[in-house]
Amino acid sequence: MTAVIAVLVVLVILVLIGLAMSVRIVRQYEKGVVFRFGQITGARDPGLRLIIPFADVMHHISLRIVTMPIQSQGIITRDNVSVDVSAVAYFRVVDAIKSVIAIENVSSAINQIAQTTLRKVVGQHTLDETLSETDRINLDIRRILDVTTTEWGVDVTLVELKDIQLPDTMKRAMAKQAEAEREKRAKIISAQGEALAASALGEASDTMMAHPLALQLRNLQSLVEIAVDKNSTVVFPSPLMSTIGELGSFLSREATAAAAPAPQPPLDRPDAQLPAKPVRLPVPDPVHVPAPNGATGTP
């Protein structure tokens with residue numbers, strides 16, 4: 001009787017151990033791939049699953065998106081500029097069976113292929129394209145990775161360039177280029193402002209010419225603006241150029257009048273007054289008067 005009880009106890013223990021070894025829990029974000037004597041039997045959905053102990057082996061495959069940083073790569077662009085580019089890739093397993101039987105280590109394989117693809121794609125672009133067209137480069141890298149990883153049961157959801165390191169000499173050259181570009185824009189904007197100001201001043205001068213009182217009002221406004229500072233000196237604006245022009249015209253008229261000969265009256269007119277001729281009066285002869293004591297002399 002004792003032997004029978006011992007046998008039953010052993011059997012119960014063996015059954016419990018077998019149940020413990022046959023029970024597997026597949027999480028919600030996983031799938032279980034079962035191998036029976038080395039051959040795949042299928043994938044198991046999330047939940048409580050039973051396998052045959054010592055005959056079946058289950059691999060848990062995560063279906064969550066994996067973030068994989070791609071370490072910095074020294075790349076020479078198409079215009080022979082050396083840059084260091086790092087990126088980040090996001091992928092997830094869509095076929096658990098392929099990810100187990102098609103490749104040994106999915107993460108390591110994707111990391112290596114992502115590095116080589118990054119170096120290849122960036123090397124086909126110039127430096128300016130690498131800096132300005134990152135979206136197109138990201139799409140090109142993702143497209144190449146998708147073609148390769150589809151056979152592994154993996155879907156690359158996103159690839160982004162994370163950092164681009166430039167040489168110091170190139171940074172200084174780009175800074176000079178940006179500074180020159182800013183100066184060019186500033187000069188263009190200043191020239192456009194001068195052109196607009198000149199146009200506005202031309203319109204204002206036309207208005208003042210049409211309305212003379214407008215210039216006087218502008219002068220009074222200038223006086224008001226000067227008087228705000230309470231200066232001891234009052235500057236009164238005047239149309240200096242017009243004053244100089246009038247003075248020059250006056251001097252020219254005076255010089256012309258002074259150089260012209262006196263007008264002569266015509267001789268055919270009877271009432272013409274001839275210029276008076278000088279009249280010479282006769283000078284009387286001296287008178288000899290006898291001087292006293294027999295002397296002679298002229299009075």
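**Notebook: strand E2, helix H3 and charged pairs**

I began with Val34, which I found in strand E2; helices (H or I, at least four residues) and strands (E, at least two) are DSSP runs, numbered from the N terminus. I noted that the model is predicted, that local features need pLDDT of at least 70, that side-chain atom pairs count only at pLDDT 80 or more, and that totals for chains, interfaces and linings use all residues. Residues are numbered from 1 along each chain as its sequence is written, and side-chain values use heavy atoms, with hydrogens and water left out.

**Entry 1: Val34**

I looked up the accessibility of Val34 and recorded 0%, which counts as buried. Here buried means under 20% relative accessible area, exposed over 50%, and partly exposed in between (1.4 Å probe, protein chains only). I then listed the contacts of Val34, a contact being heavy atoms within 4.5 Å. Leaving aside neighbours within four places in sequence, Val34 is in contact with Gln39, Ile40, Thr41, Gly42, Arg44, Ile51, Asp56, Val57 and Met58. Of these I followed up Met58: its C-alpha atom is separated by 4.3 Å from that of Val34, although the two residues are 24 apart along the chain.

**Entry 2: the chain as a whole**

I recorded the secondary structure of the chain as 8 helices and 10 strands. Buried residues make up 20% of the 299 residues. Among contacts with a separation of 6 or more, 58% come from residues 24 or more positions apart.

**Entry 3: two loop phenylalanines**

I looked for positive phi values outside glycine and noted Phe37, with phi near 55°. Phe37 is placed in the loop between strand E2 (30-36) and strand E3 (39-44). Its relative accessible area is 70%, so I entered Phe37 as exposed.

I also noted Phe54, which is not a glycine and has a positive phi of about 65°. Phe54 is in the loop between strand E4 (47-50) and strand E5 (56-62). Phe54 is exposed as well, at 75% relative accessibility.

**Entry 4: rings**

I searched for aromatic pairs and the count came to 0. The rule pairs rings of Phe, Tyr and Trp (its six-membered ring) if their centres lie within 6.5 Å; planes under 30 degrees apart count as stacked, over 60 as edge-to-face and the rest as tilted. I did find Arg64 over the face of Tyr29, at 3.9 Å from the ring centre. A charge sits over a ring if NZ of Lys or CZ of Arg is within 6 Å of the ring centre and within 35 degrees of the ring normal.

**Entry 5: helix H3**

I checked the length of helix H3 (residues 106-123). The expected span is 1.5 Å times one less than the number of residues; for the 18 residues of H3 this gives 26 Å, which agrees with end C-alpha atoms 26 Å apart. The buried residues of H3 are Val106, Ala109, Ile110, Ala114, Gln115, Thr117, Leu118, Val121 and Val122. The elements that cover them include strand E6 (66-76), strand E7 (82-93), helix H2 (96-101), helix H4 (127-132), helix H5 (134-149) and strand E8 (154-165).

**Entry 6: Ser86**

I located Ser86 in strand E7. Ser86 is buried, with a relative accessible area of 11%. Not counting residues up to four places away in sequence, Ser86 touches Ile70, Gln71, Ser72, Leu161, Lys162 and Asp163.

**Entry 7: salt bridges**

I counted 8 salt bridges, each a side-chain nitrogen of Lys or Arg within 4 Å of a carboxyl oxygen of Asp or Glu.

One of them joins Glu129 to Arg78, with the closest N and O atoms 3.8 Å apart. Glu129 lies in helix H4 and Arg78 in the loop between E6 and E7, so the pair ties together parts that are 51 residues apart in sequence. I entered Arg78 as exposed, at 51% relative accessibility.

Asp140 forms a salt bridge with Arg143, the closest N and O atoms being 2.9 Å apart. Both residues lie in helix H5, 3 residues apart, about one turn of the helix. Asp140 is buried, at 18% relative accessible area.

I also recorded Glu181 with Arg185, at 3.6 Å between the closest N and O atoms. These two are 4 residues apart in helix H6 (residues 168-210), which is about one helical turn. An α-helix has 3.6 residues a turn, so residues three or four places apart point the same way. Glu181 is partly exposed at 31%, and Arg185 is partly exposed at 42%. Glu181, Lys184 and Arg185 are linked in a network of salt bridges.
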